[in-house]
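Visitor: I would like to learn how to read the surroundings of a ligand and the empty space inside a protein. Could you take me through an example?

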Amino acid sequence: MAEYVTLTYEGRSYQLPVIEGTENERGIDILRLRTDTGFITYDPGFANTGACKSGITYMDGEKGILRYRGIPVEELAERSTFKETSYLLINGRLPSDRELRNFSIMLNDHSLVHEDMKTFYQNFPRLSHPMGILSSMVNALRSFYPELQVTEEEINFTVTRLLAKVRTMAAMSYKISRGHTVVYPRPDLAYSENFLNMMFNTPVKPYEFIKEVVRALEVFWILHADHEQNCSTTAVRVVGSGRVNLYAAISAGMSALWGPLHGGANQAVIEMLSDIHASGGDYRKAVERAKDKNDSFRLMGFGHRVYKTYDPRAKIMKRMCDNLLEALNLADPLLDIAKELEEVAVKDPYFVDHNLYPNVDFYSGIVLRAIGIPTNMFTVMFAIGRLPGWIAQWKESMDDPQWRISRPRQIYTGPLETHYVPMSEREPS
Ligand code: CMC
């Protein structure tokens with residue numbers, strides 16, 4: 001492979017170094033482009049821009065590959081737990097037995113949330129979206145738990161505390177929104193069981209664990225745990241690059257995730273399927289609308305910036321959906337609509353030509369419904385799952401020897417220099 005590409009402009013040539021990753025992904029290093037040539041690059045949505053080197057997650061959008069620290073997501077979904085996968089992402093390798101036990105102890109020890117935070121929760125207006133509440137509360141954590149980021153040990157302490165508390169805070173927001181008493185975390189329960197107990201246990205009806213439900217939640221979170229430089233992770237890195245505290249950077253990621261084109265798509269898919277169901281089940285109309293360039297409607301849960309084939313997470317999610325509904329002896333008419341819609345869409349020339357396939361969000365909402373999670377909490381569930389990924393990416397960016405504050409350039413298209421006109425001399429409108 002050549003070590004440089006040559007850029008030629010108006011008779012002058014510039015050599016730009018080629019860099020290559022471990023999976024042979026190639027990039028052109030433009031670090032000196034502006035200094036040497038006066039040019040900047042133009043790439044809206046950063047579709048062709050590598051903003052960092054990263055050793056966390058590998059994706060191949062053409063082949064439908066997703067690996068965390070080299071391990072295929074299929075193997076993790078089959079054999080790992082969310083806690084172990086979180087450790088893997090944050091620390092770069094699978095834990096030993098002792099390391100995993102210590103990690104569990106720390107997660108349990110830090111799972112309580114400061115009682116004063118309850119006052120904040122109770123004062124959000126009744127119809128507040130849980131994502132708005134969660135991102136605000138995560139930012140507020142900085143006021144309750146000052147950060148000590150000096151040694152590796154202190155950083156690990158801070159990130160583990162965040163992992164432990166966000167799960168409690170998410171369940172707490174649900175309980176308070178329903179006017180119920182908050183259920184506290186229990187040290188005898190595993191990560192997912194604890195969450196389910198905090199969400200659904202009531203003084204009149206103790207929550208009964210069903211092993212398929214617990215496993216489905218684990219797998220749901222494993223599948224969401226990281227996805228390299230997506231919109232919310234980029235937000236975490238960009239905001240973190242100003243050297244803001246961890247909580248503020250994660251809160252920015254949560255705000256980015258909320259959008260319906262990103263993590264909010266799981267809620268949007270269920271709303272779309274419910275609308276189709278309520279209006280008689282005509283899914284073909286939705287497919288036709290999605291193709292119509294005069295209609296802003298998109299098929300939610302379809303398409304991806306990187307995957308140009310079936311999202312590997314969606315394959316697992318779809319299987320899990322079937323298994324879970326069968327184990328619970330549930331029938332969900334939205335699953336039938338989703339499957340029929342998928343069958344029509346993946347054969348449609350528009351979807352084939354545009355490489356539009358179901359993404360992780362297409363079936364995940366049906367899994368969450370079966371678990372009993374209310375629709376407005378879906379993106380919060382995604383956020384809990386993505387947290388270890390955000391933390392790992394934030395840590396990596398803090399240690400990056402090539403770290404610089406994120407500060408893109410622009411091509412200015414506004415007015416040329418003009419002068420201030422006093423009000424008395426302006427044209428009346
Ligand atoms: N339905 C209909 N057409 C679509 C869709 C869709 N869901 N997605 C993309 N297209 C079309 C789009 O209209 C455009 O067509 P044309 O080139 O003819 O103008 C073409 O495909 C490329 O679209 P794009 O918006 O430039 O693609 P992107 O890479 O910028 O956007 C996306 C990716 C995920 C935002 C987009 O596919 C989308 O809006 N999907 C629906 C929302 C969704 O499911 N989001 C969840 C993504 S996975 C979870 C996560 O990690 O966030």
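Guide: Let us begin with the idea of a polar contact, which is a pair of N or O atoms within 3.5 Å. Please keep in mind that this is a predicted model.

Visitor: Which polar backbone atoms lie at 2.8 Å or 2.9 Å from an atom of the ligand?

Guide: An oxygen atom of the ligand is found 2.8 Å from a polar backbone atom of G301, while a nitrogen atom of the ligand is 2.9 Å from a polar backbone atom of F302. A side chain takes part as well, since an N or O atom of N359 lies 2.9 Å from an oxygen atom of the ligand. Taken on its own, the ligand has 930 Å² of accessible area, of which the protein covers 75%.

Visitor: How many residues are around the ligand, and which come nearest?

Guide: There are 20 residues around the ligand, and those that come nearest are H262, R298, L299, R305 and H354. Sorted by class, this shell has nine nonpolar, seven polar and four charged residues.

Visitor: And how should I look for empty space?

Guide: The general approach is to roll a probe the size of a water molecule over the atoms, which shows where empty space is left. In this structure there is one cavity of 30 Å³ or more, and the volume of the largest cavity is about 40 Å³.

Visitor: Which residues line the largest cavity?

Guide: Its lining is formed by L112, V113, E115, T168, M172, V182, V183, Y184 and P185, and by class these divide into seven nonpolar, one polar and one charged.

Key
Residues numbered from 1 in each chain as written. Predicted model: local features only at pLDDT ≥ 70, side-chain atom pairs only at ≥ 80, totals over all residues. Heavy atoms only, no water. Near = heavy atom within 4 Å. Polar contact = N/O pair within 3.5 Å; in protein donor to acceptor, adjacent residues only side chain to side chain. Areas by Shrake-Rupley, 256 points an atom, 1.4 Å probe, with all protein chains shown as cover. Nonpolar A, V, L, I, M, F, W, Y, C, P; charged D, E, K, R; others polar. 1 Å grid on protein atoms, 1.4 Å probe; cavity = no way out; pocket = protein on both sides within 12 Å on 5 of 7 lines; lining within 4 Å. Points joined across faces, edges and corners; volume = space filled by probe spheres on them.
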